[in-house]
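Please examine the sequence and the structure shown below. The paragraphs that follow lead through selected parts of the model.

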Amino acid sequence: MIKISLEVQNLKKLFSRRLIFKELDFSLNQSQSLIIAGKNGSGKSTLIKIIAGVLSHSGGNIRYIKEGKEIDKEKIFNFIGLVSPYLILYDEFTAKENLELFARIRGLKIETDLIDNLLNEIGLYDRRNDLLRTFSSGMKQRMKYASSILHNPLVLLIDEPTSNLDLLGKEFVQNLIQRYRKEKIVIVATNDREDYSFGDSVINLDDYK
Ligand SMILES: Nc1ncnc2c1ncn2[C@@H]1O[C@H](COP(=O)(O)OP(=O)(O)OP(=O)(O)O)[C@@H](O)[C@H]1O
Ligand SMILES: [Mg+2]
């Protein structure tokens, strides 16, 4: 198992002068998972984006440590898989082309087998050559999962894990998270108490104002 840890110390976020959260501290190792809770507007999506390295914070520290060495900020992207309502897929490309594009952006060798297997896993293999704009919202949510795990990330960040998903889709997510949380870091932001089973512990952002 690869050793990875995430350390968040005294983290603070402001948008202009509005405080979103402060004094946030936690650390996670491989095979630990965390739920981020809090009411609408409490900062869950903001925190996920900061942990993913796509949004800056206003104070405190975030460090990723792999096998005892801190990972450079620019390289964090290689270790992270992100599923989020803010993730953009390409409407004018097919399902397969979208995954090929994500693989290319990540500098992965495009292995048709890998992409076909993923499409199979998310139940969209039959629709692989259809344009994304013809997909339902649940089908798009499934595609976000496929794009986030292409590179077998060490850290999986999921904002609103089950939004738009039917029972089968939820089952897929459950299995995926069970698999990942055995060996990796998994962080899930959610408003849905049912999703709390995805984590070992819960942080409620309403307590960090
Ligand atoms: N780019 C931005 N500029 C200014 N304020 C922002 C920006 N993004 C988010 N906010 C503010 O930050 C706060 C937290 O938003 P965020 O989307 O993180 O909440 P959330 O907990 O994910 O809510 P929800 O449960 O509705 O998804 C809100 O007050 C929001 O208006
Ligand atoms: Mg949100």
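**Two aspartates, a helix and a ligand**

Asp 91 is partly exposed, because its relative accessible area of 34% falls between the 20% limit for buried residues and the 50% limit for exposed ones. The model considered here is a predicted one. In this model, Asp 91 is placed in the loop that joins strand 6 and helix 2. What does Asp 91 contact, once its neighbours within four places in sequence are left aside? Its partners are Leu 131, Leu 132, Arg 133 and Lys 140. For one of these partners, Arg 133, the separation from Asp 91 is 42 residues in sequence, while the C-alpha atoms of the two residues are 4.5 Å apart in space.

A second aspartate, Asp 116, belongs to helix 3. Is Asp 116 buried or exposed? Asp 116 counts as buried because its relative accessibility is 17%, and the cut-off for burial is under 20%. When residues up to four places away in sequence are not counted, Asp 116 touches Lys 96 and Tyr 125.

Attention now turns to helix 4. This helix runs through residues 137–149 and comprises 13 residues. From the first C-alpha to the last, helix 4 reaches 19 Å, which is close to the 18 Å expected at 1.5 Å a residue. Helix 4 is mostly covered, with eleven of its 13 residues buried. Among the buried residues are Gly 138, Met 139 and Met 143, together with Arg 142, Lys 144 and Tyr 145. Against which elements do the buried residues of helix 4 pack? They pack against two strands, strand 6 (80–83) and strand 7 (155–159), and against helix 2 (95–105), helix 3 (112–121) and helix 5 (167–183).

The last part of the model to consider is ligand 1. Ligand 1 is surrounded by 13 residues, of which the closest are Asn 40, Gly 41, Lys 44, Ser 45 and Thr 46. By class, this shell holds seven polar, three charged and three nonpolar residues. Which helix gives the most to the shell around ligand 1? It is helix 1 (residues 44–52), with three residues.

Several contacts involve oxygen atoms of ligand 1. A side-chain N or O atom of Lys 44 is 2.7 Å from one such oxygen atom. For Gly 43, a backbone N or O atom lies 3.0 Å from an oxygen atom of the ligand. Asn 191 places a polar side-chain atom 3.1 Å from an oxygen atom of ligand 1. On its own, ligand 1 has 640 Å² of accessible area, and the protein covers 62% of it.

Notes
Residues are numbered from 1 along each chain as its sequence is written. Chains are lettered from A and ligands numbered from 1 in the order in which they are written. This is a predicted model: local features need pLDDT of at least 70, side-chain atom pairs count only at pLDDT 80 or more; totals for chains, interfaces and linings use all residues. Side-chain values use heavy atoms; hydrogens and water are left out. Helices (H or I, at least four residues) and strands (E, at least two) are DSSP runs, numbered from the N terminus. The expected span of a helix is 1.5 Å times one less than its number of residues. Buried means under 20% relative accessible area, exposed over 50%, partly exposed in between (1.4 Å probe, protein chains only). Contact means heavy atoms within 4.5 Å. A residue is near a molecule or strand if one of its heavy atoms lies within 4 Å of it. A polar contact is a pair of N or O atoms within 3.5 Å; within protein, one must be able to donate a hydrogen and the other to accept it, and residues adjacent in sequence count only if both atoms are side-chain atoms. Accessible areas come from the Shrake-Rupley method with a 1.4 Å probe; for residues, only the protein chains shown count as cover. Ala, Val, Leu, Ile, Met, Phe, Trp, Tyr, Cys and Pro count as nonpolar, Asp, Glu, Lys and Arg as charged, and the others, Gly among them, as polar.
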